[in-house]
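Me: I would like to go through this structure by question and answer, with the reasoning spelled out at each step. Could you begin with the term that the strand labels depend on?

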Amino acid sequence: QVQLVESGGGLVQAGKSLRLSCAASGRFFKINAMAWYRQAPGKQRELVAAITSGGRTDYAGSVQGRFTISRDSAENTMWLQMNSLKPEDTAVYYCLVSYTGWGTGDHDYGGQGTKVTVSS
């Protein structure tokens with residue numbers, strides 16, 4: 001089983017920066033891919049950025065060049081550095097991890113979310 005602790009959300013003015021973090025703990029063999037999703041009011045949840053265990057990254061087009069995803073595999077922690085924030089980045093941001101359990105195969109698990117509000 002995995003526990004996720006997300007932090008770093010808040011209220012910020014457009015053009016400013018925020019850094020989200022997601023720390024995974026619990027009983028698992030290893031964390032594989034990690035990702036950030038977001039859901040804005042009235043919209044579907046969308047992938048923001050993802051990072052593999054080997055460090056390969058992928059970004060939504062809307063955040064490319066502004067957001068940077070990173071991870072410390074030894075600490076099972078992931079970050080999302082968000083720069084040049086825009087009002088349309090306002091959403092609840094969720095951490096998702098894909099992990100391998102002890103003899104239970106591969107699983108996905110998501111966090112409770114952290115709210116990001118960008119004012120114009």
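Reply: A strand here is a DSSP run of type E with at least two residues, and strands are numbered from the N terminus. The model to which these labels apply is a predicted one. With that numbering, Asn76 falls in the loop between β7 (67–72) and β8.

Me: Is Asn76 buried or exposed?
Reply: Although Asn76 is placed in the loop between β7 and β8, its contacts, leaving aside residues up to four places away in sequence, are with Cys22, Ala23, Ala24, Phe28, Ile31 and Met34. The cut-off for burial is under 20% relative accessible area. Because its relative accessibility is 17%, Asn76 counts as buried.

Me: In which strand does Thr77 lie, and which residue offers a backbone oxygen 3.1 Å from a polar atom of its side chain?
Reply: Thr77 belongs to strand β8, which covers residues 77–82, and Thr77 counts as buried because its relative accessibility is 13%. Beyond the residues up to four places away in sequence, Thr77 touches Cys22, Ala23, Met34, Ser70, Arg71 and Asp72. The strand asked for is β8, and the backbone oxygen lying 3.1 Å from a polar atom of the Thr77 side chain is that of Glu75.

Me: How many disulfides does the model contain?
Reply: A disulfide is a covalent bond between the sulfur atoms of two cysteines. Here Cys22 and Cys95 form such a link, with their sulfur atoms 2.0 Å apart, and the cut-off is within 2.5 Å, so the pair qualifies. The count of disulfides comes to 1.

Me: How many residues apart are the two linked cysteines, Cys22 and Cys95?
Reply: The link of Cys22 and Cys95 is left-handed, with -65° about the S-S bond, and both cysteines are buried. Cys22 sits in strand β3 (residues 18–26) and Cys95 in strand β9, so named by the numbering of DSSP runs, and the disulfide thus links distant parts of the chain. Their separation in sequence is 73 residues.

Me: Which residue of β4 stands opposite Cys95?
Reply: Strand β9 spans residues 91–100, and 7 of its 10 residues are buried. It pairs with strand β4 (residues 30–39) in the antiparallel sense over 8 bridges. Within this pairing, the residue opposite Cys95 is Trp36.

Me: With which strand does β9 form a hairpin?
Reply: β9 pairs with strand β11 (residues 114–119) in the antiparallel sense over 3 bridges, and there Tyr93 has Thr114 as its bridge partner. β9 is also joined by 5 bridges to strand β10 (residues 106–110), again antiparallel, with Leu96 partnered by Gly110. In the hairpin, 5 residues lie between the two strands, and Gly103 in the turn has a positive phi of about 75°. The hairpin partner of β9 is β10.

Me: What is the relative accessible area of Ala91?
Reply: Ala91 is found in strand β9, and, apart from residues up to four places away in sequence, it touches Arg38, Gln39, Ala40, Thr114, Lys115 and Val116. Ala91 and Ser62 are 29 residues apart in sequence, and their C-alpha atoms are 14 Å apart in space. Ala91 is buried, because its relative accessible area is 3%.

How values were computed: Residues numbered from 1 in each chain as written. Predicted model: local features only at pLDDT ≥ 70, side-chain atom pairs only at ≥ 80, totals over all residues. Heavy atoms only, no water. Buried < 20%, exposed > 50% of the residue type's maximum accessible area, 1.4 Å probe, protein only. Helix = DSSP H or I, 4+ residues; strand = E, 2+ residues; numbered from the N terminus. Pairing = 2+ DSSP bridges. Polar contact = N/O pair within 3.5 Å; in protein donor to acceptor, adjacent residues only side chain to side chain. Contact = heavy atoms within 4.5 Å.
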